Amino acid sequence: MSGKPELIKARKVSFASYAKRSWMLYLMLVLPLVFFIIFRYVPMTNIVMAFKNYNMFQGVWSAGDPYCPYAETGVHMTGCSHWVGFDWFKKAFASRDFWLALRNTLWLNFLDLLVGFPAPIILALVLNELFFKTFKKFTQTVIYLPHFLSWIIVSSIASRLLAPTTGVVNIFLVENFGIGPIDFLMDKANWVATYVVFGVWKEMGWGTIIYLAAITGINPELYEAAEVDGAGRWRKLWHITLPGIRPTIVVLLIMNIGRILGIEFDRPYTMMNNIVLEVADVLSTLVYRLGIRSFQFSLTTAIGLFQSVVCVIFLVGANTLAKKFGERGIW
């Protein structure tokens, strides 16, 4: 034997032996891949509606009427499914309703991000410091139950609680403080505040579960070492707990920024009314009004495609920025 350590060469695994050993794993992937191809990627081909004068009777991939006068006149004829390039995007960008809905979407999502994103983090940190496990479990159950309520139910609760004359909140304010009644759902500024508060109330508990799971993954020996060094609860929270869940915070923040232009339909639609339409009308409700009620499918597809492209840009930008600051990101 020589004095030099012998290097152990890794044995090459042939594809046949690897496939024989792992074929069941790949077989299990077939079903989800088929699902995504059929129900996710194939429907994406309908994006071409944004570049056509879509006619539902001719179909998405119809070549259109050969005698269509669009080439000469530039007029979209009903029943003539033809390619129009970026005409629908130009029409959307020239619409005042589109820019109003875009502004409201950005503003409401920004407020949700500003108020709603830190809320589950703070709540998770508070719950983690509780000593009474029974009270902690009870609190967790109570705060995440609203997540399972539909926005139809939540908006009904809001209208009952915040009614100007019969609402519990206004009755309490008038009888105890002599304030009000306050019109929470008819005043524009109050409606925005109500929209954000109810959104935080509904989803805060559900987001807390993710952060509590991240906290449980922190090594307990770090807390023990900090106690030996004389660190108090706030020191341990600031120097151990928060850095321990920082990767989770960054990933969720990137995903939330990626959805800055995407907004769910049921939440603003069920809480809005004609009086606050100027601040409540968002891209999803605009698409519903134009696409479902007015049958302007090509126009709404163009708006949806614009919305998706901007969301992807925000997502990639946020992920790139996170990596520049030394975080892992989402890819």
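The following exchange explains how several terms apply to this predicted model.

The model is predicted, and local features need pLDDT of at least 70, side-chain atom pairs count only at pLDDT 80 or more, and totals for chains, interfaces and linings use all residues. Residues are numbered from 1 along each chain as its sequence is written, and side-chain values use heavy atoms, with hydrogens and water left out.

Me: What makes the protein more spread out than a compact globule?
Reply: The radius of gyration, taken over C-alpha atoms, is set against a globule rule of 2.2 Å times the number of residues to the power 0.38. For 331 residues that rule gives 20 Å, whereas the protein has 27 Å, well over it, so the protein is more spread out than a compact globule. Its C-alpha atoms fill a box of roughly 85 × 80 × 35 Å along the principal axes.

Me: How many helices and strands are there in the protein?
Reply: Helices (H or I, at least four residues) and strands (E, at least two) are DSSP runs, numbered from the N terminus. The protein has 15 helices and zero strands.

Me: Why are the buried residues of H7 said to line one face of the helix?
Reply: Buried means under 20% relative accessible area, exposed over 50%, and partly exposed in between, with a 1.4 Å probe and protein chains only. In helix H7 (residues 151-161), the buried residues are Trp151, Val154, Ser155 and Ala158. Seen down the axis of H7, these fall within an arc of 95°, so they line one face. The arc is that of the directions from the helix axis to the C-beta atoms. Ile152 and Arg160, on the other side of H7, are exposed.

Me: Which elements do the buried residues of H7 pack against?
Reply: They pack against H9 and helix H12 (266-271), where contact means heavy atoms within 4.5 Å.

Me: What is meant by a pocket, and which residues lie nearest the centre of the largest pocket?
Reply: On a 1 Å grid over the protein atoms alone, a pocket is an open set of points where a 1.4 Å probe fits, with protein on both sides within 12 Å along at least five of seven lines; lining residues have an atom within 4 Å of a point. The largest pocket has 26 lining residues, and Asp112, Glu203, Asn256, Arg259 and Arg267 lie nearest its centre. Helix H9 supplies the largest share of this lining, nine residues.
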